[in-house]
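Trainee: I am new to this structure and would like to learn how to read its features one at a time. Please give me the general idea first, and then the case at hand.

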Amino acid sequence: MDGADAVRQALDREPDIVLMDLNMPTVDGAEATRRLVEAGARARVVVLTTYADDGWVFRALQAGARGFLT
């Protein structure tokens with residue numbers, strides 16, 4: 001699965017919460033989060049990843065993620 005597929009599935013299934021990985025092919029998790037927020041998805045995004053870099057944290061939160069767990 002890539003981020004574009006995650007966006008399609010979340011918009012189709014309308015979950016309450018999306019657990020998003022940052023490291024995905026084609027569209028990463030931060031971009032997928034941004035797309036969900038811009039599409040008006042009701043789901044809240046929590047990013048789960050092995051990246052602890054502040055840049056990734058800032059990018060995911062700026063995209064609209066509600067939380068970030070490493």
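Trainee: Where is the place of T26?

Mentor: Helices (H or I, at least four residues) and strands (E, at least two) are DSSP runs, numbered from the N terminus, and T26 lies in the loop between β1 and α2. This is a predicted model, in which local features need pLDDT of at least 70 and side-chain atom pairs count only at pLDDT 80 or more, whereas totals for chains, interfaces and linings use all residues. Residues are numbered from 1 along each chain as its sequence is written, and side-chain values use heavy atoms, with hydrogens and water left out.

Trainee: Is T26 buried or exposed, and what is its phi near?

Mentor: Buried means under 20% relative accessible area, exposed over 50%, and partly exposed in between (1.4 Å probe, protein chains only). T26, with a relative accessible area of 74%, is exposed, and its phi is near 65°, a positive value in a residue other than glycine. E14, in the loop between α1 and β1, also has a positive phi, near 50°, and is likewise a residue other than glycine.

Trainee: Which way do the side chains point along strand β1?

Mentor: In a regular strand the side chains alternate between the two faces of the sheet. Strand β1 (residues 17–20) shows this pattern, with V18 and M20 pointing to one face and being buried, while I17 and L19 point to the other and are not buried.

Trainee: How many bridges join β1 to strand β2?

Mentor: Two strands pair if DSSP finds at least two bridges between them, and here β1 and β2 (residues 44–48), which run parallel, are joined by 4. One pair to look for is M20 with its bridge partner in β2, V47. Together with helix α2 (residues 29–38), the two strands make a right-handed β-α-β unit, where right-handed means that, with the strands pointing away from the viewer, the path from the first strand over the helix to the second runs clockwise.

Trainee: Which residues of α1 are buried, and which are exposed on its other side?

Mentor: An α-helix has 3.6 residues a turn, so residues three or four places apart point the same way. In α1 the buried residues are G3, A4, A6, V7 and A10. Seen down the axis of α1, they fall within an arc of 160° and so line one face of the helix, the arc being that of the directions from the helix axis to the C-beta atoms. R8, D12 and R13 are exposed on the other side of α1, whereas its buried residues pack against β1 and α2.

Trainee: Which residues touch the most other members of the largest nonpolar core?

Mentor: A nonpolar core is a set of buried Ala, Val, Leu, Ile, Met, Phe, Trp, Tyr and Cys residues joined through side-chain atoms within 4.5 Å. The largest one here has 18 residues, and those that touch the most other members are V18, M20, L22, L36, V45, V47 and A60. The elements giving two or more residues to this core are α1, β1, α2 and β2, and α1 gives the most, with 4 residues.

Trainee: What is V47 in contact with, and what is T33 in contact with?

Mentor: Contact means heavy atoms within 4.5 Å. Leaving aside neighbours within four places in sequence, V47 is in contact with M20, L22, A60, A65, G67, F68 and L69. T33, found in helix α2, is buried with a relative accessible area of 0%, and on the same basis T33 is in contact with M20, V45, A60, A63, G64 and A65.

Trainee: How many salt bridges does the structure hold?

Mentor: A salt bridge is a side-chain nitrogen of Lys or Arg within 4 Å of a carboxyl oxygen of Asp or Glu, and the structure holds 6 of them. In one of them, the side chains of R42 and D16 meet at 3.1 Å, N to O. R42 lies in the loop between α2 and β2 and D16 in the loop between α1 (3–13) and β1, so the pair ties together parts that are 26 residues apart in sequence. R42 counts as exposed, at 52% relative accessibility.

Trainee: Which side chain meets that of R59 in a salt bridge?

Mentor: That of D28, at 2.9 Å, N to O. R59 lies in helix α3 (residues 54–63) and D28 in the loop between β1 and α2, so this pair ties together parts that are 31 residues apart in sequence. R59 counts as partly exposed at 35% relative accessibility, whereas D28 is buried, at 17%.

Trainee: Which residue does R35 form a salt bridge with?

Mentor: R35 pairs with E31, their closest N and O atoms being 3.0 Å apart. The two are 4 residues apart in helix α2 and are separated by about one helical turn. E31, R34, R35 and E38 are linked in a network of salt bridges.
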